[in-house]
Structure formats: structure tokens, C-alpha cells
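Hi everyone, thanks for coming. I'd like to walk you through one structure today, so have a look at the screen and then we'll go through it together.

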Amino acid sequence: ELPERVRVWEVGARDGLQNEQSVVDVGVKLEFLDRLADAGLSTLEATSFVHPKWVPQLADAEELLARLSRRDGVRYPVLVPNERGLDRALAAGVQHIAIFGSATETFAQRNLNRTLDGQFAMFEPVVSRARAEGLDVRGYVSMCFGDPWEGPVDAAQVISVGKRLVDMGCSQLSLGDTIGVATPGQVEALLAGFVDAGVDLDALAVHFHDTYGQALSNTLAALRAGVSTVDSSAGGLGGCPYAESATGNLATEDLVWMLDGLGVEHGVDLDKLADTSAWMAQRLGRPSPSRVVRALRG
Ligand code: HMG
Ligand code: MG
């Protein structure tokens, strides 16, 4: 049983770009966001309010949001790790934020400079203050299936981290296969585990990386299980700066091609999107890793 409609949560401007070595001009980022909105994408993760030394690519978050012309009907969530990030996001007029927790001890330390438990103490005041300000808060869980330092990750641990984020006040969880090692059976099992733990499927999103070529199969497994929000990145841009083996996110074009074939609505104009990714690939100086972009724009 597939959902009638999928909400595509476009992460290209954030997850896609955060790992780029050379800093992309803020004007190019703004044009990218505009073109993604023109292509019909209505959730555009725009940037992160993290420490600029940790992610230099996104050090322009204030300028980006000040110059962004927000469209009606388009949401522009941003990543926020701590209260300092929330202050910055609030000053920039943000309405949707995402905190990003780790399912593993090592990645919590590498990505957040916190212990697994310590991350919750950092997030708690962020979520409560954000909710009091009327903001929507998404919670990412990274390393849901495997971790480059710890190996396979126990589903029970992922569920416990995810539950804590939901209980804290996150309206949605995005389950991240940060290094792209998951296979569909594991996806089904993890989703079933969340449902058993009382988390509604409507409150779950999936976030796959295509390192081992499994992103689309995993997405289909999640859709069949009843998930209807899928994270993807235009042209398959991306990785994660603290997870060296991670390659690109699921490409939005690959997702859209599959959804078209399945007759699932998504609201995206594939032609405009592929043009945008081809344009961005030129700006970055290398071809898009998306199979669909290559097939359409070779
Ligand atoms: P820390 O060094 O522990 O921070 O870093 P701190 O709280 O000790 O503060 C140290 C200094 O940094 C202070 O300045 C703070 O003000 C400043 P000082 O008083 O020394 O002058 N500071 C900040 N400045 C600007 N913005 C801030 C901020 N916070 C503190 N927000 C911290 C902790 C969380 C900040 C750091 O580890 C960090 O920025 N990490 C971000 C890493 C990141 O962005 N990773 C990529 C995103 S996660 C991802 O991609 C996975 C995902 O896609 C899902 C998936 O694929 O699975 C979401
Ligand atoms: Mg990611």
C-alpha cells in the first residue's frame, strides 16, 4: 500500500552543499533555492546555524536568509544544534528548525562535541524555547543503521534516541542512514520498531544516502511501510563532513522518477529540477551523480 502523495523534503542547499570544499557564493545558493521553488519543491532546507568553524560552507546563513525571497507555500527549515544557533535562527526570522541527534556515542562526539546523553541536554532548551516561540521542530536521528566507527547500529538504540526527541517536542523524526549502508529489510524492521514504540508513521521521515546504491530501494520499502515524507537532494549532492564514507544523498530526480512511475503525487517539475541540477553541477565543476540527471541531461 503506497501513499497517494509524498512530501519531498529537499535538503540540497543544506546537506547537499555542507560538504563542498570550496565555498559556494551566497548568490548561487539563493538562485539554487529560487530554482528549486520554481521546480515545485515546497520544503527547502536552506542552511544551518552551526558553528562556522565546523561547517565553513554555511557560515553565510545570516546573509542567505536576509536576502532570501521567501515564497508563499514554501517552508525553509534550518538546522539548529544549540541555543546559540536558535538565537541566530530566531533573529533571522526562521519558522521551522531541525535539531540533529545521533544514534551513536561516537558520532555524537564527532558531530556535536557531546556524549550521547549530553546531546539531549543541549537540545532540550532549544526545543522548548522554539516551541514556545511557535516554531515547528523536526528531529533528525543520524547513523540509524551503521556508524563508520561503531559498525552496525542496534535498532533499539535508534528507537530510544528517536523517542526522546519526540517526547521532547519534535513534530517529526527524520531517520538518517548517514553513511548509506542500510538495506530494505532493515528499514522495514526499524519502522516497525518505531510503530511498536508508539511513534506514528505520519511523524516519521526517511533520509537515505546512496553510498551502496540502496537509497531508492530503501525509500520504496519505507513508502510501502506507510512513510510519506522523504528527504532528498537535488542532483544527489551531498555527504556529511564528519562521516567520511558518506556519499551523496538520494537524488531528488531519482526519487521523482520512481514516484512518477508509481503514480504517486509529488508536485515536482522534473524538467525544471534536472535543469537546476545540471546548472549546479556546472557551478561545482563536476557532473551530477544522479542517474536520472545524467540520463536526461547527459
Ligand atoms: P562546541 O565547540 O562544543 O560549542 O560545538 P560550545 O557550546 O562549547 O561553544 C564554543 C564556542 O562556539 C562559543 O564561542 C560559542 O558561542 C560558539 P566562544 O564563547 O568560545 O567565543 N558557538 C556557536 N557559534 C555560532 N553558532 C552556533 C554556535 N554554537 C556555539 N550554533 C556545536 C558544539 C554543536 C556548536 C558544534 O559541534 C557544531 O556546530 N556542530 C555542527 C556539525 C554539523 O553541522 N554537522 C552536519 C549536520 S548533521 C548531518 O548532516 C546529518 C543529517 O543530514 C542526517 C543524516 O544524514 O543522517 C542531518
Ligand atoms: Mg544527510
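Let me start with a question: which residues of helix α10, residues 252–262, are buried? They are Thr252, Glu253, Asp254, Leu255, Val256, Trp257 and Leu259. Before we go on, please keep in mind that this is a predicted model.

And what do those buried residues of α10 pack against? The list has two strands, β1 (7–10) and β10 (229–232), and three helices, α9 (215–225), α11 (270–284) and α12 (291–297). Just after α10 you'll find glycine 263, with a positive phi of about 75 degrees.

A quick word on confidence, since I know you'll ask. The protein chain has a mean pLDDT of 96, and 97% of its residues reach 70 or more. For the model, ipTM is 0.98 and pTM is 0.97. As a general caution, where pLDDT is low, the predicted coordinates should not be read in detail.

Now to the sheet. It is an open sheet of eight strands with parallel pairing, and the order is β1-β10-β9-β8-β5-β4-β3-β2. At the edges sit β1 and β2 (47–48), each of which pairs on one side only.

Let's walk in from the β1 edge. Strands β1 and β10 run parallel and are joined by four bridges. Tryptophan 9 stands opposite aspartate 231 in β10. On to β9, residues 204–208: three bridges join β9 to β10, again in parallel. Here histidine 207 stands opposite aspartate 231. So aspartate 231 is a handy landmark when you rotate the view: tryptophan 9 stands opposite it, and histidine 207 does too.

How about the faces of β10: covered or open? Both are covered, with Thr229 and Asp231 buried on one side and Val230 and Ser232 buried on the other. For β9, five of its five residues are buried. Leu204, Val206 and Phe208 point one way from β9, while Ala205 and His207 point the other way. That fits a general pattern: in a regular strand the side chains alternate between the two faces of the sheet.

Next comes β8, residues 172–177, which pairs with β9 in the parallel sense over five bridges. Leucine 173 stands opposite leucine 204 in β9. Further along the order, strand β4 (residues 96–102) runs parallel to β5, with seven bridges between them. In that pair, isoleucine 99 stands opposite glycine 139 in β5.

Isoleucine 99 brings us to the core. The largest nonpolar core has 87 residues, and Ala46, Val80, Ile97, Ile99, Val141 and Cys144 touch the most other members. Which helix gives this core its largest share? That is α9, with five residues. If we take alanine 46 and leave aside its neighbours within four places in sequence, its contacts are Ala13, Arg14, Leu33, Leu64, Leu65, Leu68, Tyr76 and Val78.

Let's compare two residues of helix α6, residues 116–132, starting with phenylalanine 120. Why does phenylalanine 120 count as partly exposed? Because it has 19 C-beta neighbours inside 10 Å, and being buried takes 20 or more. Phenylalanine 120 and arginine 164 are 44 residues apart in sequence, with their C-alpha atoms 8.0 Å apart.

The second residue, valine 126, is in α6 as well. Valine 126 counts as buried because it has 24 C-beta neighbours inside 10 Å. Beyond four places in sequence, valine 126 is in contact with Val80, Asn82, Glu83, Leu86 and Ile99. Two of those names, Val80 and Ile99, you just heard among the core residues that touch the most other members.

Last stop, the ligand. How many residues surround ligand 1? There are 25, and the closest are Val50, Gly85, Asn113, Gly176 and Thr178. By class, this shell has 11 nonpolar, 11 polar and three charged residues. Helices α4 (83–91) and α5 (105–112) and strand β5 (136–142) each supply at least two residues of the shell. Of the elements, α4 gives the most, with three residues.

That's my tour; thanks for listening, and I'm happy to rotate the view for anyone who'd like another look.

Definitions and conventions:
Residues numbered from 1 in each chain as written. Chains lettered and ligands numbered in written order. Predicted model: local features only at pLDDT ≥ 70, side-chain atom pairs only at ≥ 80, totals over all residues. Near = placed C-beta within 6 Å. Nonpolar A, V, L, I, M, F, W, Y, C, P; charged D, E, K, R; others polar. Buried ≥ 20, exposed ≤ 12 C-beta atoms within 10 Å, placed from the backbone. Contact = placed C-beta atoms within 7 Å. pLDDT = per-residue confidence, 0-100. Pairing = 2+ DSSP bridges. Core = buried A, V, L, I, M, F, W, Y, C linked by C-beta atoms within 7 Å.
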